[in-house]
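Notebook open, model loaded. I want to go through strand pairing, the disulfide, charges and rings, one entry at a time.

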Amino acid sequence: VQLQASGGGLVQVGGSLRLSCAASGSIFSINDMGWYRQAPGKQRELVATITRGGSTNYADSVKGRFTVSRHNAENTVYLQMNSLKPEDTAVYYCNAQVLVAWYSTNSDYWGQGTLVTVSS
C-alpha cells in the first residue's frame, strides 16, 4: 500500500491551499484517513481526521479554517486549508488505516509528506 500526497507549496498569509492524498495497492477497505503535520523542531501533531462514514475531527488550531474530506471510491483524502497563518508552516503527512483483506486488522500507512510554507 502506498499513499501519495500532493498540493503543498508556498503561499502568503491569508491564502489557501488544497492537499490531496491517494492510496493505492492491495486495499480491501480504508477506515479512518487524515492529516498530520510536523513543524521544524516540533513533534508531529494531528490536523484532521475523517472516518469512512464522514465524521470529522480537527485540531483546535485549525477549526473553522481547514476542511477534511474524502472520496471513498477513489481512496483519496483531501485537506482544504484557508486563511493560512505562518504557524501552519510544516510538512503535512497523510495517514490511512487500511484493511488489506477482509480478515485483516487495521494497519497504519503514511504518505511521504508535502511541505506547506506560509510567508508573511
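Which residue stands opposite valine 91 in strand 11? I looked it up, and the answer is leucine 115. Worth jotting down at the top: this is a predicted model.

**Entry 1, strand 11**

I stayed with strand 11, which covers residues 114-119. Its pairing with strand 9 is antiparallel and runs over 3 bridges. Strand 2 (residues 9-12) also pairs with strand 11, in the parallel sense and over 4 bridges. In that second pairing I found leucine 10 opposite threonine 117.

Next I checked where the side chains of strand 11 go. Thr114, Val116 and Val118 point to one face and are buried. Leu115, Thr117 and Ser119 point to the other face and are not buried. That is the textbook pattern, as side chains in a regular strand alternate between the two faces of the sheet. So the two residues I had met as pairing partners, Leu115 and Thr117, both belong to the face that is not buried.

**Entry 2, the open sheet**

I then pulled up an open sheet of 4 strands, in the order 1-3-8-7 and with antiparallel pairing. Which strands stand at the edges? They are strand 1 (2-6) and strand 7 (66-71). Each has a single partner strand, so one side of each has no neighbour in the sheet. Ignoring direction, neighbouring strands here are turned by 15° against each other on average.

Inside that order I looked at strand 3 (residues 17-24) and strand 8 (residues 76-81), which pair in the antiparallel sense over 6 bridges. Cysteine 21 stands opposite valine 77 in strand 8. That cysteine took me to the next entry.

**Entry 3, the disulfide**

How many disulfides does a search of the whole structure find? I got 1. The bond joins cysteine 21 to cysteine 94, with S to S at 2.1 Å. Cysteine 21 lies in strand 3 and cysteine 94 in strand 9, so the pair ties together parts that are 73 residues apart in sequence. The torsion about the S-S bond is about 55°, so I noted the disulfide as right-handed. Are the two cysteines buried or exposed? Both cysteine 21 and cysteine 94 are buried.

**Entry 4, salt bridges**

I count 4 salt bridges in the structure, and I followed the ones around arginine 37 and aspartate 88. Arginine 37 meets glutamate 45 at 2.7 Å, N to O. The side chain of arginine 37 also meets aspartate 88, at 3.0 Å, N to O. Aspartate 88 lies in the loop between strand 8 and strand 9 (90-99), while arginine 37 is in strand 4, so this contact ties together parts that are 51 residues apart in sequence.

Aspartate 88 has another partner: arginine 65, with the closest N and O atoms 2.7 Å apart. Arginine 65 sits in the loop between strand 6 (56-58) and strand 7, 23 residues apart from aspartate 88. Through shared partners, Arg37, Glu45, Arg65 and Asp88 join into one network.

I wanted to know how covered these residues are. Aspartate 88 is buried, with a relative accessible area of 0%. Arginine 37 is buried at 5%, and arginine 65 is buried at 10%. Glutamate 45 is partly exposed, at 36%.

**Entry 5, rings**

Last stop, the aromatics: the structure holds 2 aromatic pairs. Tyrosine 36 and tryptophan 110 are edge-to-face, 5.1 Å centre to centre with 65° between the planes. Tyrosine 36 is in strand 4 (residues 29-38) and tryptophan 110 in strand 10 (residues 107-110), so I logged the pair as a link between distant parts of the chain, 74 residues apart. Tryptophan 110 is partly exposed, with a relative accessible area of 36%.

Tryptophan 102 and tyrosine 103 form an edge-to-face pair too, at 5.5 Å centre to centre and 85° between the planes. Both of these residues are exposed.

Which rings does the charged end of arginine 44 sit over? I found it over tyrosine 93, 3.8 Å from the ring centre. The charged end of arginine 44 also sits over the ring of tryptophan 110, 4.7 Å from its centre. Tryptophan 110 therefore goes into my notes twice, for the tyrosine 36 pair and for arginine 44.

Definitions and conventions. Residues numbered from 1 in each chain as written. Predicted model: local features only at pLDDT ≥ 70, side-chain atom pairs only at ≥ 80, totals over all residues. Heavy atoms only, no water. Phe/Tyr/Trp six-rings, centres within 6.5 Å; stacked < 30°, edge-to-face > 60°. Buried < 20%, exposed > 50% of the residue type's maximum accessible area, 1.4 Å probe, protein only. Lys NZ or Arg CZ within 6 Å of the ring centre and 35° of its normal. Pairing = 2+ DSSP bridges. Axes fitted to C-alpha atoms, helices over the stretch in contact; angles between N-to-C directions. Disulfide = S-S within 2.5 Å.
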